Amino acid sequence: MFDNFPLWPVRAAAGAGNVDALYIFLLTLSAFMCLAIFTMILVFATKYRRRPGVEAEQIEGSSALEITWSIVPMGIFMVIFLWGAAIYFQERTPPRDATEVYVVAKQWMWKLQHQEGLREINELHVPVGRDVKLIMTSQDVIHSFYVPAFRIKQDVLPGRYTTAWFRATKPGVYHLFCSQYCGTMHSGMIGQVTVMEPAQYEAWLSGGITTGSLAASGDSLFQQLGCSTCHRFDIQGRGPNLVGLFGHPVHLEDGRTVIADENYIRQCILSPHTNIPSGFKPIMPVFQGLVSEEQLTALVAYIKSLSPPPVGGQSGISVAPKPQYPKE
Amino acid sequence: MATVAVTAERENYLNQEYGIRSWLLTTDHKRIALLYLISITFFFFVGGFFALLIRLELLTPAGDLVQADTYNKLFSMHGQVMIFFFLIPSIPAVLGNFLVPLMVGAKDLAFPRINLLSWYLYMIAGTIYLHCIVTGGVDTGWTFYTPFSTAFSNTKVIEAGISIFIAGFSSILTGLNFVVTIHRMRAPGMTWSRLPLFIWAMYATSIIQLLGTPVLAITLLLVVFERAFNLGIFDPTRGGDPLLFQHLFWFYSHPAVYIMILPAMAVESEVVACFTRKRIFGYNFVAMSSIAIAVFGFLVWAHHMFVAGISLYAALIFSILSYLVAVPSAIKVFNWTATMYKGSISFTTPMLYAFGFIGLFTMGGLTGLFLACLGVDVHVHDTYFVIAHFHYIMVGGAVMGYLGGLHFWWPKISGRMYPEGWGRLAALLVFAGFNLTFFPQFILGYMGMPRRYWQYPPEFQVLNVLSTAGSTILAIGYVLPMVYFLWSMRYGKIASDNPWGAAGLEWKTSSPPPTFNFEEEPEVTWEAYNYEQIPAPAEVNVER
């Protein structure tokens, strides 16, 4: 109903409607509270304005009233909290079969790479109806990936991956803003997200020039950098076998057990000594400063491709449950 | 009590000594309050000037009035000046300094020399910051987010950091002085339950200043060290963690919001009581809600970080805690409103500001519920919605409170009345200008316009033009009081000791008070806000 109302942002993703509904609820509640308080003040100010000979009536207070206007708002606040938490929970847990897009932010542009290998700058093309998971990092300062039409926002940090996801529901071209102040041309770090019908999207995808899938370029990097001399797939090498690693728990030499997610793999490549799997020696060279963020994403994508996504609903703590949005 | 003012020169803190030396070396809390008043007014207009330039730049979608780098410096320095050099010292260091000893019935603050030291620290900090402004400025946003501030910005981050570090100590010492004074220097009979609510709120503020500001000081020092000596504390390429900075920064900077708003609530309670001629409804609840705000305020900082990359569960905890701090704020609003019931209400300038405060603070508080709500915050975080929200609290709330308080106690401070008609006009201008400036920003925010944008897509222009128009009205509303306050110091009607017929010890001494506040030590035998025992002034000094 608000799509043609110029003071309201376009709604183009699953979940955006939920955010709007909660927002409208909050607006209504606030309007009601303002109206109630302002009316009371107005009535009192008129009715009890100073008149000669009329004294104010001293009233000490009322514990019953105080408790009422503490408990009732608290109850309403808890409803808002739970409602907001439910939406946030969905926003923070990407469906496990989502298509992955790698995002590298830098002053002042967005570099995006599809699994198929296609690269884009300040533009992202996605098909309607597909779950898209963004795996994002920054080359320099903190940025933030914000698409108002999707109601999603996630800060993009240097030195780690953060994720966000969406499912576009409406073809069109939408703003992509950097919403975390990042220096001189912060306001120029604007891109666009183009949502296309699936057929159109396939045509667009096949028209692009690509040097092979992201995982494939990760594979060749894996050979080039000599990773394959220690991380072997046939026999036990000097490094761990990486097949089936992603998404599974790893026991570390220092006693910790961690889930091998994107950030873990990233950290293992850049500073291996901080995460030595139990039973291995700290012999891997440090790659901090030797691989670019793009190469890193290719390597991560490759290592992920060595672990086929788990079938059905079994194990795997890092994999999220299916989203609860109805397919549109 | 409401004796007619003596027209001859009665000895008071203003005329006891003359000469620049008697001011710069004074240990009189009232004179120090005036020193602060002059200094923070200067910084208020510096910050306001930056704000006007920001609004003028945003009149058009293209970045055309100033360069991008200049714009980034403008909003950074607007924030830092307004927060660290105006809002944080505003009510505590001016009105608090003047009133805390008077209200508790003391001759001065507990440590008069430390009080003067606070002002000197503030001035040193201010001078360094001014130097930073004129030699290039700083462009980190007021928030100094790393690694931008430590590794990427080419501006005077170290100088700004050191300046705010020093200003922090000024704030800590003021807080310390108030806490000790309130504990140790109350007049005989002035029990805790007889304290004006102003004192309760100022006490809560001081606790935050004492406990929170050292964390900011350390955090800024770490930023300076990382930038100057290449330490790896926050910069991930050197093994640091940029989120650590945000945690430390907001650990102070969220409670800092309460350093700014609690004193305005302090003023609100006094003004509402006086101009309804009633004891504040639910005294105990209003007093305790100040303490509750100070305590809970320390537990909500990460609600500034819901999209920053903190864990899902941390976000849930900080969201629910944020709602806890909303309850005591709501309690206050309800109690002020209830105080008006069956009151005897007059519409003087301070009361107009008080009405404005309740309205704007209510709107600011309610929109805070949106931001504490995880599902909505993701969309509106770092947009103009946030800008509008905190300006409703800090300008609509804190500045309205400050201006209302300044009008209310002006007769006591200067011994003169301000012109009531002009006062009301300015109050209305501020209220109207404020709403026109900041209300459109809520809509802009939900539409998705990010904050700190030098240029923006054209569909946001109409609302930005409205906002800029409002800011010019607001500017007039702010300049007016400065003009008539100055005018009134010479030409204003001589104020009686208690022109409003107000309760409170500060009104029992002369206007302006003598250097040691009271001719003889007061002994308190009455409860706070004993308005039934004080005759209302026949005419509330209104020039019709």
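Let me start with one hairpin: β6 (143–147) and β7 (152–156) of chain A are joined by five bridges and run antiparallel. Helices and strands here are DSSP runs, H or I of at least four residues for a helix and E of at least two for a strand, numbered from the N terminus. Two strands pair if DSSP finds at least two bridges between them.

Before going on, the ground rules. This is a predicted model, in which local features need pLDDT of at least 70 and side-chain atom pairs count only at pLDDT 80 or more, while totals for chains, interfaces and linings use all residues. Residues are numbered from 1 along each chain as its sequence is written, and chains are lettered from A and ligands numbered from 1 in the order in which they are written.

Back to the hairpin. A:V147 stands opposite A:I152 in β7(A). There are four residues between the strands, and A:R151 takes a positive phi near 60°. Is β7(A) mostly covered or uncovered? It is mostly covered, with five of its five residues buried. Buried means 20 or more other C-beta atoms within 10 Å of the residue's own, exposed means 12 or fewer, and partly exposed is in between, with C-beta atoms placed from the backbone. In a regular strand the side chains alternate between the two faces of the sheet. In β7(A), A:I152, A:Q154 and A:V156 point one way, and A:K153 and A:D155 point the other way.

The hairpin belongs to an open sheet of five strands, in the order β4-β10-β9-β6-β7 of chain A, with mixed pairing. β4 (123–127) and β7 of chain A are at the edges, each with a single partner strand, so one side of each has no neighbour in the sheet. On average, neighbouring strands are turned by 20° against each other, direction ignored. Further along, β9(A) and β10 (residues 191–196) of chain A run antiparallel and are joined by five bridges. There, the bridge partner of A:V173 is A:T194 in β10(A). α3(A) lies across β4 and β10 of chain A, at about 130° to β4(A). Such angles run from 0 to 180 degrees between N-to-C directions, and the axes are lines fitted to C-alpha atoms, for helices over the stretch in contact.

Now the other sheet. Five strands form an open sheet in the order β3-β2-β1-β5-β8 of chain A, again with mixed pairing. Its edges are β3 (119–121) and β8 (162–167) of chain A; each has a single partner strand, so one side of each is left without a neighbour in the sheet. Here the average turn between neighbouring strands is 25°, direction ignored. β5(A) and β8(A) run antiparallel, joined by six bridges, and A:K133 stands opposite A:W165 in β8(A). α6(A) packs on this sheet, touching β1, β2 (109–114) and β5 of chain A, and its direction makes about 160° with that of β1(A).

What angle do the axes of α4(A) and α6(A) make where they cross? They cross at roughly 100° and come within 7 Å. The two helices are therefore roughly perpendicular to each other; that term covers 65 to 115 degrees, with under 35 roughly parallel, over 145 roughly antiparallel and the rest oblique. The contact includes A:L214, A:L221 and A:F222 of α4(A) and A:L299 and A:Y302 of α6(A). Contact means that the C-beta atoms of two residues, placed from the backbone, lie within 7 Å.

Next, the domains. Chain A is divided into domain 1 (99–207) and domain 2 (214–305), with bounds from an automatic or database domain assignment. Their centres, taken over C-alpha atoms, are 26 Å apart. Ten residues of domain 1 and nine of domain 2 make the contact. On the domain 1 side, β1 (99–106) and β5 (131–138) of chain A each supply at least two residues.

A:S213 is in the loop between α3 (198–207) and α4 (214–224) of chain A. A:S213 is partly exposed, with 18 other C-beta atoms within 10 Å. Leaving out residues up to four places away in sequence, A:S213 touches A:Q115, A:E116 and A:G117.

Last, the partner chain. 67 residues of chain A are in contact with 72 residues of chain B. Among the contributing elements are α1 (16–47) and α2 (63–92) of chain A, and α2(A) gives the largest share, 16 residues. The chain A side divides into 40 nonpolar, 16 polar and eleven charged residues. Nonpolar here is Ala, Val, Leu, Ile, Met, Phe, Trp, Tyr, Cys and Pro, charged is Asp, Glu, Lys and Arg, and polar is the others, Gly among them.
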